[in-house]
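Here are my notes after a pass through the model, point by point. Keep the viewer open while you read.

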Amino acid sequence: MSENSSLKLPVGDQPTPLALRHFPTPLHAVIWRNWELAPVERLAKVLRATPEQVEEIGRSMGLPELQPVSPEAWRRSHITVIRRNWHLLPYEQLLELLGWTADEMAYALREDDFLYIKLGSHKPGCPPAYYAPPDEVSRQTAAWMRDCMKDHFGDVWTVAPEPRFAFVQDLSAPEANASPPPASPSEEGFNLRFLYSYFGLYGDPLLAPDLDPYHDGYLARLAQLGVNGVWLQGVLHKLAPWPLHPDLSKDFELRLTNLRHLVERARRHGIGVYLYLNEPRAMPLSFFDDRSDWKGVAEGEYAALCTSVPTIQAFLRDGLSYVFNHVSELVGVFTISASENLTNCWSHGRGIDCPRCRLRSPAKVIAEVNRLVAEGVHRAQPQAQVIVWDWGWADEWATDAIALLPRDVSLMSVSEWSLPIVRGGFASTVGEYSISSVGPGPRATKHWSAARQAGLTTVAKVQLNSTWELSSVPYLPCMDLVAEHLGNLTRAEVNKLMLSWTVGGYPSPNLALAARFCRQTGATSEEHLDAVAEEYYGAVLAPAVRRAWTMCSEAFREFPFHVVVVYVAPLQVGPANLLFDTPTGYRATMSGLPYDDLDGWRAIYPPDVFITQMEKVAAGWREALEILRTAPLDSLPDYNRGAFDDLLRVMEAAYLHFHSVARQSRFILARNRLAETTPPAEREERRAILDRLLVDEIATARRLFDLVTADSRIGFESSNQYYYTRIDLAEKVLNCLDLRQRWLAEH
């Protein structure tokens, strides 16, 4: 990479990459991890090898025959590629592998839902990995790996997996005998239900219409489940011309054309399109070299466009008017004005550092940003909806900001935010992203009340399918909890729902349950649950499914919820997370790389409490599985049998994740105790505990391998793409076998 381009890419403190001792060389690790992910010709070029040389090393490790990687699958996998190679390849080779420029990488790291933060806010200092003929030691280790694959996977490698992203084609295909969208629900129900695509690309989706986040078949399925709105990210300077800096708006016409086509298609299904706005976007410090009068609060290499400056106010107002004039059927926007992204000067609570905003309260600045958005939207389309999300607003000024909002907006709150809970004897409050904790909580209730007093309508943001408690499965069958939450919101007189952030857009029984609350407003929660169970699984299986739902729900109430737990514990990667014989020193990252950071994973919970609570969750889900496995399956119609098999796979995958988090935590405790133990008898006892845990993790990873082979949805979430693939689960088996061998050798 050239000197100029390297400055565009963040590196942080460049720690030493992880030592992956179960591979003979970093080259072997790169080939293994990209085996079923990257086209072999592309990988060979990066490694300065021939495809034949890459394939020879892959076969020497026992990997299966290579299958072609479709262009669409490759284009949908950039986050997966970056994450799995973060500790293996330097930026130069990552760029070559992806076929990107440094600018494209910098944009993805910043805008792809905080990707650089998810990777730890530093780039390990990886040396280049180039091909060299394996030496004798490497050949012997590769032969050991090949034998391990044969012993633990047998002929399973010969079974072709369901291709990655096969679910995109399944969900996008027209449904046979599909009925028209249902009639609009009663105004007594939730008259707005909008969500994010289950498979949408997050960063800049409107430049890639062939990777459409909302195919017609998918929209039809959502409409059948009562969804009447979808959303996608919008970056204003990429959607509207900015005369003062036209270079930033390159390709805005193409994005607007693609947005217009999406809006028109969605409208035919009775679905409106919303833009998510997080504006104005901060700019690199160099941007302000000749625009110092626009500069607001600075953070790192970026500074805010100060919204107290009339020029920036005009950019917000005029830009949104332009978008809504040119895409007239857009139904609305929702805003976050205090997110992880630096936007306005008070967005991170540091407006005191701005010479203009320090003279104004955070409530006034935040309310003004939202007023400017509403003015711009409503100047072009007076009927469009503007939803103001209070995410990140400080308690001390939030109600003041609500009182200052214009009367033609709605106020949205996370329903469960600030809900008090006690898990394992430890008191805490819920941040967000919880199905295990049933809202609404006091914060949302207080803000909705303030909004109604100000004459605003109210919106509840919920997660009904899945959350960061576990996002690697398409839905969590905790239907009793979902029904309880929907019932509470009905009684709270909230009639608009945001059904998901980026996680949770699968057309599932959970959404069918929400649809019943919309369409059958007089029924009880029990009647709704019975009806969905019978609709999906048939009258014979419905009672067993209801018992399993209740068991999963009751077990999930034991989940050791804390916002840190859901963000950094190995919940999303589960059995794919590697184990290490000595501490790595790495801290777990947000929804990205958990490492072995047990002290980070557990947040407020002592280790034994955290582990016990996870084991309670896993035990309940295991018992629910046993109920389903003994249910009567004779004479089931194909539809009910398919839905039932789907439920079993999803429930078992979730169980394996919860079980593995507990096992990994026990492993780290035992590993650390072994290092502190000197008496031989005690060391032998500790090694025996570690060995049992490793055997258990091998079995868990091996079983999840089978589920992933059969179901391309498992391990996937739209903004993180694939957390793991079956190759990663096979690596986990090798990892555990290598550790067993090392500790056995010590004995």
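1. Start with strand 10 (residues 420-423), where the side chains alternate. Ile421 and Arg423 point to one face and are buried, while Pro420 and Val422 point to the other and are not. Arg423 is worth a click here, since this arginine sits on the buried face along with Ile421. Bear in mind that this is a predicted model.

2. Next, look at what strand 10 pairs with. Its partner is strand 11 (residues 426-429), in the antiparallel sense, over four bridges. If you want one pair to display, take Pro420, whose bridge partner in strand 11 is Thr429. The two strands form a hairpin with two residues between them. Gly424 is in that turn, and has a positive phi of about 60 degrees.

3. On to Val388, which you'll find in strand 8 (residues 385-389). Is Val388 buried or exposed? Its relative accessible area is 0%, so Val388 counts as buried. Leaving aside residues up to four places away in sequence, Val388 touches Thr335, Asn370, Trp393, Leu405, Val409, Ser410, Leu411 and Met412. One of these, Leu411, is 23 residues from Val388 along the chain, yet their C-alpha atoms are separated by 5.0 Å.

4. Now the helices. Two packed helices are described by the angle between their axes and the distance between the axes. For helix 20 (residues 509-519) and helix 21 (residues 525-556), the axes come within 10 Å and cross at roughly 135 degrees. Angles over 145 would count as roughly antiparallel and 65 to 115 as roughly perpendicular, so this pair is oblique. The crossing of helix 20 past helix 21 is right-handed.

5. Which residues make that contact? From helix 20 come Pro509, Ala512, Leu513, Arg516 and Phe517. On the helix 21 side they meet Ser525, His528, Leu529, Ala531, Val532, Tyr536 and Tyr537. By class, the residues of this contact divide into nine nonpolar, two polar and one charged.

6. Last one: Ser660, in helix 25 (residues 638-676). Its relative accessibility is 0%, which means that Ser660 counts as buried. So what does Ser660 touch, not counting residues up to four places away in sequence? The list is Gly574, Pro575, Glu697 and Thr700. I'd show those four together with Ser660 when you check this spot.

Terms used
Residues are numbered from 1 along each chain as its sequence is written. This is a predicted model: local features need pLDDT of at least 70, side-chain atom pairs count only at pLDDT 80 or more; totals for chains, interfaces and linings use all residues. Side-chain values use heavy atoms; hydrogens and water are left out. Axes are lines fitted to C-alpha atoms, for helices over the stretch in contact, and angles run from 0 to 180 degrees between N-to-C directions. Angles under 35 degrees count as roughly parallel, over 145 as roughly antiparallel, 65 to 115 as roughly perpendicular and the rest as oblique. A crossing is left-handed if the near helix is turned anticlockwise from the far one by less than a right angle, and right-handed if clockwise. Contact means heavy atoms within 4.5 Å. Ala, Val, Leu, Ile, Met, Phe, Trp, Tyr, Cys and Pro count as nonpolar, Asp, Glu, Lys and Arg as charged, and the others, Gly among them, as polar. Buried means under 20% relative accessible area, exposed over 50%, partly exposed in between (1.4 Å probe, protein chains only). Two strands pair if DSSP finds at least two bridges between them.
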